[in-house]
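Student: I am new to this structure and would be grateful for a close look at its aromatic ring pairs. Please also describe how one pair of helices meets and where the backbone is unusual.

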Amino acid sequence: MAAPRDHPGALEKQGREGRRGGSGVEVVFPPDPAAPAPLCPHGPTLLFVKVIQGKEETRRFYACSACRDRKDCNFFQWEDEKLSPARLAAREAHHRRFLPPLSRTQCVDRYLKFIALPLTERKFCQSCQQLLLLEEWDKHREHQVLGDISVSQLRRPSRLLYPLENKKTNAQYLFAERSCQFLVDLLSALGFQRVLCVGTPRLHELIRLTASGDNKSNMKSLLLDIDFRYSQFYMEDSFCHYNMFNHHFFDGKAALDVCRAFLQDGNGEGVIMVTDPPFGGLVEPLAVTFKKLIAMWKEGQSQDDGYKELPIFWIFPYFFESRICQFFPSFSMLDYQVDYDNHALYKHGKTGRKQSPVRIFTNIPPSKIILPTEEGYRFCPLCQRYVSVENQHCEHCNSCPSKDGRKWNHCFLCNKCVKPSWIHCSTCSHCAVPDHSCEGPKDGCFICGELDHKRSNCPNISASKRANKAVRKQKQRKSNKMKMETTKGQTMNHTSATRKKKRRERTHQYLCS
């Protein structure tokens, strides 16, 4: 399995550095693209560019939007690369191998046939992760099969399906019952009637369960998720196969219309979007997608309601607060710690640094959101919001500054509160962990190092391109020279070995004669 990118240390570094991650890769969104992005099995690809501190790789490339590991999706194409018809045909054939085995219509037909079966004839193949009809039993005789699948089990498919735990692609960590119930209760208390669940299958299940078992609840939900296995458990108006990194509906216009109708129902009133993206995913593509969903919702608004915002709960680690607020300035972060059933670290009840770093980012005023006091949250009258019990109000910062659930200390040199394990570094002139490197990456432009602009707006970008082009040519000449020397050396070594072998053969013949 790939390196654990959802480990708190790796994620915190990624969140602090923003675009300056270890990979040195930026996503590029051209304002007026000359041509549509090429397709991979996960929909339209994204345009990337490699950037290294002080240097810029000018050649951009397309890669998969959802998979950050080439082992999961090996699509790669230079932006200016022209493909022959033969290569395009081969790529199309390759993509067809990754299509779901059944269409959306076929999945719905199978589901209706399955629920019509008596309990003793309802079976689920754990090996294939598939509901089985009578005529398919023989094909799965050697597999692990569950029998007597009840209606309650069908309503909780996330408990039947094995979670997809590829941290760079699906990262299908599922809400613990405590967090899921809190969200449902909170959404109900805030008065929402419809919930667009983007990558939150367990929340979708609990909303539907609550609505079916409680006459007072009329809340509806629509699940958008990249896991096509959920297609076999839901009708078309309850699930859309969807990639949140490129706003791609795998089932085309029909699924897009389902989502649009859900968002715009009742002039867009009473709907909220709740999303829980993979933690290793890039923030910028997610923000672009969510803005497209917001625009879809606004299409159903009247001109008088143009100032309104689509309510959103974005569930993500607190390390990404600055990145999320960069794209959504109206968002604030709640202190509530979200925990997961199938994650070794992000669980409720842990203390200190072992607490879950996952939080809720929202454009709903924090004063309207009540956190459970029985779980250790309290109301701060000065901040007018609920905070964790150890998040003490700082009179110097005039806020409850803690992000990780621990009590933070105020540094008068930095003029802000910092984590209790941090110390003030006189070399860096700010607080950091005791064993940090004082020569770490700096904020600002990759090319000139100035703090007032980014690489794309650098006035020296043209000179940098010319310099990097000359450096690449020099490296290429050096590489070619080394290859020639290596080839020459291998030839001489081969000739020398042949001569030695002939001498040994002549010596052997002489001794034997």
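Tutor: The account below takes up the aromatic pairs, then a helix contact, then two backbone positions. The model is a predicted one.

A pair of aromatic rings is described by the distance of the centres and the angle of the planes. Counted with a limit of 6.5 Å between ring centres, the aromatic pairs number 20. One of them joins F124 and F233: the ring centres are 6.5 Å apart and the planes stand at 45°, so this pair is tilted. The two residues belong to distant parts of the chain, 109 residues apart, with F124 in strand β8 (residues 123-125) and F233 in the loop between β12 (220-225) and β13 (239-243). Both F124 and F233 are buried.

Another tilted pair is formed by F175 and Y340, with 5.6 Å from centre to centre and 35° between the planes. This pair also links distant parts of the chain, 165 residues apart: F175 lies in the loop between α5 (157-160) and α6, while Y340 lies in the loop between β17 (332-333) and β18 (358-362). F175 and Y340 are both buried. They also belong to a cluster linked by ring pairs, whose members are F175, F279, F290, W314, F316, F320, F328, F331 and Y340.

The loop that holds F175 lies between α5 and α6, and helix α6 (residues 177-189) leads to the helix contact. The axis of α6 comes within 10 Å of the axis of helix α7 (residues 201-213), and the two cross at roughly 60°. That angle makes α6 oblique to α7. The crossing is right-handed. On the α6 side, E177, C180, Q181, L183 and V184 take part, and they meet R202, L203, L206, I207 and T210 of α7. By residue type, this contact between α6 and α7 comprises 6 nonpolar, 2 polar and 2 charged residues.

The backbone remains to be considered. Most residues other than glycine have a negative phi. D148, which is not a glycine, has a positive phi of about 55°. D148 is located in the loop between β10 (145-147) and α4 (151-154), and its relative accessibility of 42% means that it counts as partly exposed. N267 is likewise not a glycine and has a positive phi, of about 60°. This residue sits in the loop between α8 (253-264) and β15 (271-275). With a relative accessible area of 53%, N267 is exposed.

Definitions and conventions. Residues are numbered from 1 along each chain as its sequence is written. This is a predicted model: local features need pLDDT of at least 70, side-chain atom pairs count only at pLDDT 80 or more; totals for chains, interfaces and linings use all residues. Side-chain values use heavy atoms; hydrogens and water are left out. Axes are lines fitted to C-alpha atoms, for helices over the stretch in contact, and angles run from 0 to 180 degrees between N-to-C directions. Helices (H or I, at least four residues) and strands (E, at least two) are DSSP runs, numbered from the N terminus. Angles under 35 degrees count as roughly parallel, over 145 as roughly antiparallel, 65 to 115 as roughly perpendicular and the rest as oblique. A crossing is left-handed if the near helix is turned anticlockwise from the far one by less than a right angle, and right-handed if clockwise. Contact means heavy atoms within 4.5 Å. Ala, Val, Leu, Ile, Met, Phe, Trp, Tyr, Cys and Pro count as nonpolar, Asp, Glu, Lys and Arg as charged, and the others, Gly among them, as polar. Rings of Phe, Tyr and Trp (its six-membered ring) pair if their centres lie within 6.5 Å; planes under 30 degrees apart count as stacked, over 60 as edge-to-face and the rest as tilted. Buried means under 20% relative accessible area, exposed over 50%, partly exposed in between (1.4 Å probe, protein chains only).
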